[in-house]
Structures are given as structure tokens and as C-alpha cells.
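Let's take a friendly walk through a protein model together. Have the sequence and the 3D view ready, and follow along one stop at a time.

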Amino acid sequence: VFSAAALGKPIPDNWIVDGQGLPTSDPSKWPHEGALTPMAGHKGYGIALLIETLSAVLSGASIAQHVLSWSFADAALPTDHGAAFIAVDIGSMMPREQFEARMAQTIREIRNAPKAEGAGRIYLPGEMEWERREKALNEGIEFPPDVLANLKPLADEMGVNLNSLARK
């Protein structure tokens, strides 16, 4: 959303809602008004509320729009965001070997599910990020033009030549 706003490009109208709660393709509406929409419709809303309950309500942190933005708020102020960590003792629910076998079966079924046309594989959560990390460690990171434009003033202030950091 930030990148599209910086580039003056529209976004799909199911990514954010405006101040009246209506879908909008105007990325400049957020975060000053409106809200990001949860992924996966009503199920995404349910899991988002669960996460908000565990990480904000239960922890005593700020809730929803009361969390200060790390991008737009005064950087001297704490964001007051919360976090939740959950530990599950698998052995208290079933033998660990049974869990591992069931998990392996679940992964096989996901990987072997029908793929969308043109899709090479089905990724499990985190796999793409690990592959991108490995690629970045080996090849470096290519920044989008809007990110470079935002980094340039800081680089100039710090006396860093961004071009000198480019991989040849």
C-alpha cells in the first residue's frame, strides 16, 4: 500500500477501506484514515481478532488504531504494540510421533493439491521468505525505486553513496 501510494498507483479495492468503511483503490487513504482489510474475508477477520485479543487486549498493549504508527508517529514515542507467544506441549495431546506423522501427511497433501494454472508449486508458510532470504544473501537485495528514493536523503545525510553499495 505504501509503495503504491509513493508511486501514485491504485491498489486493488479489497486491500483497504476508507474512513467510511467502504472499499477504495486509493492507497493514500491509509493509514491516516480507514483500515487495512483482513486477508481471507470473514476467516481472516476472525483470526485477526484472535491475534488482537492475545497480543493487545490480554497483554495490556494498545488496541487496534491506538497503536502508534512506526512510519507516521513521533519516533520518540513508544508504539505501545503488544505481542503474544504461545507454547504448546504436543505430548500432552498426543504422542509426538503421531503428531509428526500427521503433520507430514498434511504437508504431503498440501504439496500434492491441484495447482493453479501456471503455478510451479504450493508453498508452505515461510518457505518463500526463506528462499528469498537465501537469494538475498547470495545475490543482494534489489530495492524498488520508491524505497531508494526514500533512502537517498538518509544516505546523503550519512555520507553514504547508494551507488557504491550496488552489486556489480
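A salt bridge is a side-chain nitrogen of Lys or Arg within 4 Å of a carboxyl oxygen of Asp or Glu. Keep that in mind as you look at this model, which is predicted.

**Salt bridges**

Side chains of opposite charge can pair when their charged atoms come close. How many salt bridges does a search of the whole structure find? The search finds 5. Three of the pairs are set out here, each with its N to O distance.

| Pair | Distance between N and O |
|---|---|
| E127 and R111 | 2.4 Å |
| E127 and R121 | 3.1 Å |
| R121 and E131 | 2.7 Å |

Start with E127 and R111, whose side chains meet in a salt bridge. E127 sits in helix 4 and R111 in helix 3 (residues 96–111), so this pair ties together parts that are 16 residues apart in sequence. Is E127 buried or exposed? E127 counts as buried, because its relative accessibility is 18% and buried means under 20%. Its partner R111 has 30% relative accessibility and counts as partly exposed.

Now move on to R121, which forms a salt bridge with E127 and another with E131. R121 and E131 link distant parts of the chain: R121 is in the loop between helix 3 and helix 4, while E131 is in helix 4, 10 residues apart. R121, at 33% relative accessibility, counts as partly exposed, and E131 is partly exposed as well, with a relative accessible area of 39%. Which residues end up in one network through shared partners? They are R111, R121, E127 and E131, joined by salt bridges.

**Pockets**

Rolling a probe the size of a water molecule over the atoms shows where empty space is left. The largest pocket in this model has a volume of about 1100 Å³. It is lined by 28 residues, and the closest to its centre are W30, L36, E52, A64 and Q65. Two elements each give two or more residues to this lining: strand 3 (35–36) and helix 2 (41–57). Which element gives the most? Helix 2 does, with 7 residues. Sorted by class, the lining of the largest pocket holds 17 nonpolar, 10 polar and 1 charged residues.

The second largest pocket holds about 350 Å³ of space. Of the 12 residues that line this pocket, the closest to its centre are I141, F143, L162, L165 and A166. By class, its lining has 7 nonpolar, 2 polar and 3 charged residues.

**A nonpolar patch on the surface**

Some of those names come back on the surface. I141, F143 and L165 are among the residues of a nonpolar surface patch of about 760 Å². The patch also includes L148, L151, L154, M158 and V160. Take a look at F143, found in the loop between helix 4 (127–139) and helix 5 (145–158). With a relative accessible area of 40%, F143 is partly exposed.

**Backbone details worth a look**

Most residues other than glycine have a negative phi, and most peptide bonds are trans. With that in mind, find the peptide bond from W30 to P31, which is cis, with omega near 10 degrees. P31 is in the loop between strand 2 and strand 3. W30 has appeared before, as one of the residues closest to the centre of the largest pocket.

Next, which way does the phi of A40 go, positive or negative? A40 has a positive phi of about 70 degrees, although A40 is not a glycine. This residue lies in the loop between strand 3 and helix 2 and is exposed, with a relative accessible area of 60%. D80 also has a positive phi, of about 60 degrees, and is not a glycine either. D80 is in the loop between helix 2 and helix 3, and at 40% relative accessibility counts as partly exposed.

**One last stop**

Finally, find D18, in the loop between strand 1 (16–17) and strand 2 (23–24). D18 is buried, with a relative accessible area of 14%. Where does M93 lie relative to D18? These residues are 75 apart along the chain, and their C-alpha atoms are separated by 44 Å.

Note on methods. Residues numbered from 1 in each chain as written. Predicted model: local features only at pLDDT ≥ 70, side-chain atom pairs only at ≥ 80, totals over all residues. Heavy atoms only, no water. Patch = residues over 30% accessible without salt bridge, like charges linked within 9 Å, V, L, I, M, F, W, Y side chains within 5 Å. Areas by Shrake-Rupley, 256 points an atom, 1.4 Å probe, with all protein chains shown as cover. Helix = DSSP H or I, 4+ residues; strand = E, 2+ residues; numbered from the N terminus. Buried < 20%, exposed > 50% of the residue type's maximum accessible area, 1.4 Å probe, protein only. 1 Å grid on protein atoms, 1.4 Å probe; cavity = no way out; pocket = protein on both sides within 12 Å on 5 of 7 lines; lining within 4 Å. Points joined across faces, edges and corners; volume = space filled by probe spheres on them. Nonpolar A, V, L, I, M, F, W, Y, C, P; charged D, E, K, R; others polar.
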